[in-house]
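Please open the model in your viewer and keep the sequence panel visible. The tour proceeds by selections, each followed by a short account of what is found there.

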Amino acid sequence: MYLLASAVTDFFSAMNWLWIVDLVAFLAVAVLVFMFFNRHHSIKLAVFISLYMLVYIAVYVLSKILEGTGLYITLQIMKYATIFIMIAIIVVYQNDFKVMFAKLARGSDKVYDINATDEALVNAAHEMVTACQNMAKNDIGALIIIVRTTVPDRILDTGTELNAIVSSGLLESIFSTKGPLHDGAVVVKGNKILSAGCFLPLSKEVDIAKDLGTRHRAAIGITEESDAVAIVVSEETGVISIAQAGKIVRYMTPERLLDEIKLAYNVSAKPKTNEKKRERKFI
């Protein structure tokens, strides 16, 4: 017992500022890991990994204190277990790592300078709301992506370039089941439709409601890896939804949808066109 106490005293007396750096680095990684699992509602897994890391550190420190006298096999088992856990996490959360690297690489995407006035943006917002309302009434599915900053090249390349002013008639004709582009998404920047018929990455989030289809998963997926806002019209139910930052809100009213689009555009002004005439279309 005396030898153990003496070894512990000698061990801690040998600590220096590098130990503090190691401790800070460990705590930083631990916090990031906990935040990652908390975001994915995996608290139990986060607690398990945290406890495992604490046990591993305790075994490592004890092996150093009792250097040459034991715990060699235990330490080796925990080392290989750590490698196994890391590989398992990468496999299970591979989509999240893909999104992370996609965000890092987003700086190479095209930047479209759309010089639209606030009035033009608000008019575009009204046109989108009108189109969504009409399509919802006629059980026509739609997926509209409003891009706020850069436009992912890999998304635009899958569609057909339009570069046309946003209008309800054009949106409704694109998503008409008789048209060749109705299965894809429309990408909007400012008051212009850049491309139509685009294919988007699907979200791998397991907590998405089972009654949400491919369009909804695509809407969530694109907003997980970009700052875009996605509007979805369900072909089966006519429900209008909006997705942002990987989250989706359903049953959007025309007024709320209009507010969300204006917020995405960062405008609040009303257009000079006949507002009452447009409002009647929302009823």
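Begin by selecting Arg-215, which counts as buried at 18% relative accessibility. Buried means under 20% relative accessible area, exposed over 50%, and partly exposed in between, with a 1.4 Å probe and protein chains only. This is a predicted model, in which local features need pLDDT of at least 70 and side-chain atom pairs count only at pLDDT 80 or more, while totals for chains, interfaces and linings use all residues. Residues are numbered from 1 along each chain as its sequence is written, and side-chain values use heavy atoms, with hydrogens and water left out.

Next, add Glu-235, which forms a salt bridge with Arg-215; their closest N and O atoms are 3.6 Å apart. A salt bridge is a side-chain nitrogen of Lys or Arg within 4 Å of a carboxyl oxygen of Asp or Glu. Glu-235 lies in the loop between β5 and β6 and Arg-215 in helix α9, so the pair ties together parts that are 20 residues apart in sequence. Helices (H or I, at least four residues) and strands (E, at least two) are DSSP runs, numbered from the N terminus. Glu-235 is partly exposed, at 34% relative accessible area.

How many salt bridges does a search of the whole structure find? The search finds 2. Select Arg-250 and Asp-211 to see another salt bridge, with the closest N and O atoms 3.1 Å apart. Arg-250 is partly exposed at 22%, whereas Asp-211 is exposed at 54%.

Now select residues 229-233, strand β5. Its 5 residues are all buried, so the strand is largely enclosed by the rest of the structure. Val-229, Ile-231 and Val-233 cover one side, and Ala-230 and Val-232 the other. Extend the selection to β1 (residues 142-147), which pairs with β5 in the antiparallel sense over 5 bridges; strands pair if DSSP finds at least two bridges between them. Here Leu-143 stands opposite Val-232. Then add β6 (residues 240-244), antiparallel to β5 and joined to it by 5 bridges. The two form a hairpin with 6 residues between them, and Gly-238 in the turn has a positive phi of about 75 degrees.

Finally, colour the model by pLDDT, the predictor's confidence in each residue, from 0 to 100. Among the elements, β5 has the highest mean, 97, and helix α11 (residues 275-282) the lowest, 39. Over residues 271-283, pLDDT stays under 50. Where pLDDT is low, the predicted coordinates should not be read in detail.

Notes:
Contact means heavy atoms within 4.5 Å.
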